[in-house]
Amino acid sequence: GGCVCVFAQFVHNYFLGKGISVDDAVFYTIIVHIAIASILTVFGLFKKIENIVGAGIFIPITGFANAIVEPSLEKKEKGNFFLQLSFKMFSLAAPVVAYGIISSVVVGIVYYIVK
């Protein structure tokens, strides 16, 4: 986990050194991590690294990227390739996004009532 964070800091500092704003540098750093984790997953390296370093690589955004890409790599059924890819890719993300939206609505309603 520490190595992932150190790498993130190097990437973040690189973008800051290029004159990019702090908010944009954070955004670009996250994108770089998602891209690297996705590429490692496609080539089967993410699981090997995860077996070596444990939860340190799985807990950050890299783990979420792996969880999105990995189901899409399963054997495709007959039919539209892109439809199958999208369906498999969002089989994990859909419940996470739905839970996030529902919980944010509930918290917003409670906040509105309390305030």
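Start your tour by selecting Val53: this residue is partly exposed, at a relative accessible area of 46%. (Here buried means under 20% relative accessible area, exposed means over 50%, and partly exposed is in between, using a 1.4 Å probe and protein chains only.) Val53 sits in helix α3. Helices are DSSP runs of H or I with at least four residues, numbered from the N terminus.

Before you click on, note that this is a predicted model, where local features need pLDDT of at least 70, side-chain atom pairs count only at pLDDT 80 or more, and totals for chains, interfaces and linings use all residues. Residues are numbered from 1 along each chain as its sequence is written, and side-chain values use heavy atoms, with hydrogens and water left out.

**Next stop: the nonpolar patch**

Add Ile39, Val42, Phe43, Leu45, Ile49, Ile52 and Leu73 to Val53, and you have a nonpolar patch on the surface with about 770 Å² of accessible area together. The elements giving two or more residues to this patch are α2 (22-42) and α3 (45-53). Which one gives the largest share? That's α3, with four residues. To join such a patch, a residue needs over 30% relative accessible area and no salt bridge, and nonpolar side chains (Val, Leu, Ile, Met, Phe, Trp, Tyr) are linked within 5 Å. The areas come from the Shrake-Rupley method with a 1.4 Å probe, and for residues only the protein chains shown count as cover.

**Stay on α3: a charged pair**

Now pick Lys47 and Glu50. They form a salt bridge, with the closest N and O atoms 3.6 Å apart. The rule asks for a side-chain nitrogen of Lys or Arg within 4 Å of a carboxyl oxygen of Asp or Glu, and the count by this rule comes to one. Both residues lie in helix α3, three residues apart, about one turn of the helix. Are they buried or exposed? Lys47 is partly exposed at 35% relative accessibility, while Glu50 is buried at 19%.

**Swing over to α2 and α5**

Show α2 together with helix α5 (residues 61-72): they pack at an angle of about 45°, and their axes are 8 Å apart. That makes α2 oblique to α5, a label for angles that are not under 35 degrees, over 145 or from 65 to 115.

**Last stop: Leu16**

Finish in helix α1 (residues 2-17), where you'll find Leu16. Leu16 is partly exposed, at 32% relative accessibility. Draw a distance from Leu16 to Val26: they are 10 residues apart in sequence and 9.3 Å apart in space, C-alpha to C-alpha.

Methods
Patches are made of residues with over 30% relative accessible area and no salt bridge: like charges are joined within 9 Å, nonpolar side chains (Val, Leu, Ile, Met, Phe, Trp, Tyr) within 5 Å. Axes are lines fitted to C-alpha atoms, for helices over the stretch in contact, and angles run from 0 to 180 degrees between N-to-C directions.
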